Amino acid sequence: MAEEFVVTPWDVKGEIDYNRLIERFGTRPLEENLLERLRTQAGDLHPFLTRDIFYSHRDLDWILDEYEGGNPFYLYTGRGPSGEVHVGHLMPWVLSKWMQDTLGATLYFQLTDDEKFLFRGFDTLGESHHVGVENALDIIALGFDPAKTKIFFDSDLIRWMYPLVLQVARRITFSTVKAVFGFTASNNIGEIFYTSIQTVPAFMESAVQGRSVPCLIPCGIDQDPHFRITRDVAPGLGYPKPALIHNKLMPSLKGMGAKMSASDPSSAIFVTDTAETARRSIMNAVTGGGATVEEHRRNGGKPEVCPIFHHYAYFFEMDDEHLQEVENTCRNGDRLCGECKEELAEKVLAFLEKHQARREEARDRLDDFLLKDGDLPELESA
Ligand code: TRP
């Protein structure tokens, strides 16, 4: 059944089989022994890690070797500013914040206004930049430490990045990007070039410090193809290959195989939703419940295919005990979908209220976080 699914940085379709994706992409499952090493260093594990939401990695063992040996890493993640941020986007950012708090990591956060212009999200670069500023508020609202967090727009930092971008671009052939991304002769040449821009921040701290600084990239598994290329070109440039830790994607409220998209406001919880919109999206969501109340009471529901349950598990219920209770009472038919929706709505509205207040406060603090051309030391030999 529904075996076919597509996961690329620009297209996610169908019901994703995450274990098969590990095989397709050639990443490693995030295994218990690694998590225990991480727990020892961090003092704790974020529920994203114990719940198998972050579930795959590349070279996390090396990051831990280095960390344990006294060579800490920095974090790199990013966002293509194409519209409003939904809670699925927040997952790698929240993990980054946790790693900043527990392991002291500096974070470089790339806002790819150029990407969203090239891939036709917007008719002008300015529009994408504008959306990026709004998105930056959502990042800052998560509580990052300004002393350890550098958010930047590609279009602002390009002069500094350009020599490195060229070094990277020179080492990537058209046949590589065709094979990795499925590009054809009708893709515009900016799209073909773009991955060299997403690669550079993986080398940034090493370039700034003039020595090898390990880099860890928390990201949705859909972004992995870019970083396969990054990892291939790194040694030739004298930089360490970045490590990755990948999360599963938050499913759409419209169903496990449906799309989450800014053009469909009820497909996801957007962090800027009004209470009314968010409530409506939840109430209209597809669930894993029975077709009728009688059937549900008799056979129970299926949390594993329920977008509402995934919203609990992936973001809104960090208490393991309560989550387990929700799951058990759904499966045995005691808990009806309406109850789950009401309870989730309450949690979501509380989150939105807090988040939206924080993102407004962040407006005055943008300059504490935004990296501008001229802020980084000039590169000596790029
Ligand atoms: N391409 C990503 C997007 O469309 C944005 C991005 C840039 C990114 N650099 C990244 C995502 C590093 C994760 C990690 O959203």
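So, Arg120: at 62% relative accessibility, this residue counts as exposed, because the bar for that is over 50%. Arg120 sits in the loop between helix 6 and helix 7. Now look at the backbone there. Phi of Arg120 is near 70 degrees, so we have a positive value in a residue other than glycine. Most residues other than glycine have a negative phi. And before anyone asks, yes, this is a predicted model.

There's another residue of that kind, Asp59. Its phi is positive too, about 60 degrees, and again Asp59 is not a glycine. You'll find Asp59 in the loop between strand 4, which is 54-58, and helix 4, which is 60-68. How exposed is Asp59, in relative accessible area? The value is 28%, and Asp59 is therefore partly exposed, since that class runs between 20% and 50%.

Okay, let me step back to the whole chain. We've got 382 residues, with 18 helices and 9 strands. Does the size fit a globule or not? For 382 residues, a compact globule would have a radius of gyration near 21 Å, and the chain has 21 Å, so the two agree. If you box up the C-alpha atoms along the principal axes, you get roughly 70 × 50 × 45 Å. Buried residues make up 53% of the chain. On the outside, the chain exposes about 16,600 Å², and carbon and sulfur atoms supply 48% of that. One more on the fold: take the contacts with a separation of 6 or more, and 79% of them come from residues 24 or more positions apart.

Right, the ligand. How many residues surround the ligand? There are 14, and the closest are Tyr76, Gly80, Gln110, Glu115 and Gln198. By type, that shell divides into 4 nonpolar, 7 polar and 3 charged residues.

Let's go through some polar contacts. Glu115 has a side-chain N or O atom 2.9 Å from a nitrogen atom of the ligand. With Gln223, a polar side-chain atom lies 3.1 Å from a ligand nitrogen. And Lys116 has a polar side-chain atom 3.4 Å from an oxygen atom of the ligand. As for coverage, the ligand taken alone exposes 370 Å², and the protein buries 91% of that. Which elements give two or more residues to the shell? Those are strand 5 (74-79), helix 6 (113-118) and strand 8 (215-220). Strand 5 gives the most, with 4 residues.

Let me stay with one of the closest residues, Gln198. Gln198 lies in helix 10, residues 189-199. Buried or exposed? At 6% relative accessibility, Gln198 counts as buried, because the cut-off is under 20%. Its side chain makes a polar contact with the side chain of Tyr194, at 2.7 Å. Leave out residues up to four places away in sequence, and Gln198 touches Tyr76, Gln110, Glu115, Gln223, His226 and Phe227. Tyr76, Gln110 and Glu115 are names you just heard among the closest to the ligand, and Gln223 is the one with the 3.1 Å pair.

Gln223 comes up again with Pro9. Pro9 is in the loop between strand 1 (6-8) and strand 2 (11-13), and with a relative accessible area of 11%, Pro9 is buried. What does Pro9 touch, not counting residues up to four places away in sequence? The list is Phe181, Asp222, Gln223, Pro225 and His226. For a sense of scale, Pro9 and Glu342 are 333 residues apart in sequence and 34 Å apart in space, C-alpha to C-alpha.

Two helix residues to finish. Lys97 is in helix 5, residues 87-103. The Lys97 side chain makes a polar contact with the side chain of Asp101, at 2.6 Å. Leaving aside neighbours within four places in sequence, Lys97 is in contact with Leu142, Gly143 and Phe144.

Then there's Val133, in helix 7, residues 125-140. Val133 is partly exposed, with a relative accessible area of 23%. Beyond residues up to four places away in sequence, Val133 touches Phe153 and Leu366. Its C-alpha is separated by 9.9 Å from that of Phe152, 19 residues apart along the chain. That's my tour, over to you.

Technical notes: Residues numbered from 1 in each chain as written. Predicted model: local features only at pLDDT ≥ 70, side-chain atom pairs only at ≥ 80, totals over all residues. Heavy atoms only, no water. Near = heavy atom within 4 Å. Polar contact = N/O pair within 3.5 Å; in protein donor to acceptor, adjacent residues only side chain to side chain. Areas by Shrake-Rupley, 256 points an atom, 1.4 Å probe, with all protein chains shown as cover. Nonpolar A, V, L, I, M, F, W, Y, C, P; charged D, E, K, R; others polar. Contact = heavy atoms within 4.5 Å. Rg over C-alpha atoms; globule rule 2.2 N^0.38 Å. Buried < 20%, exposed > 50% of the residue type's maximum accessible area, 1.4 Å probe, protein only.
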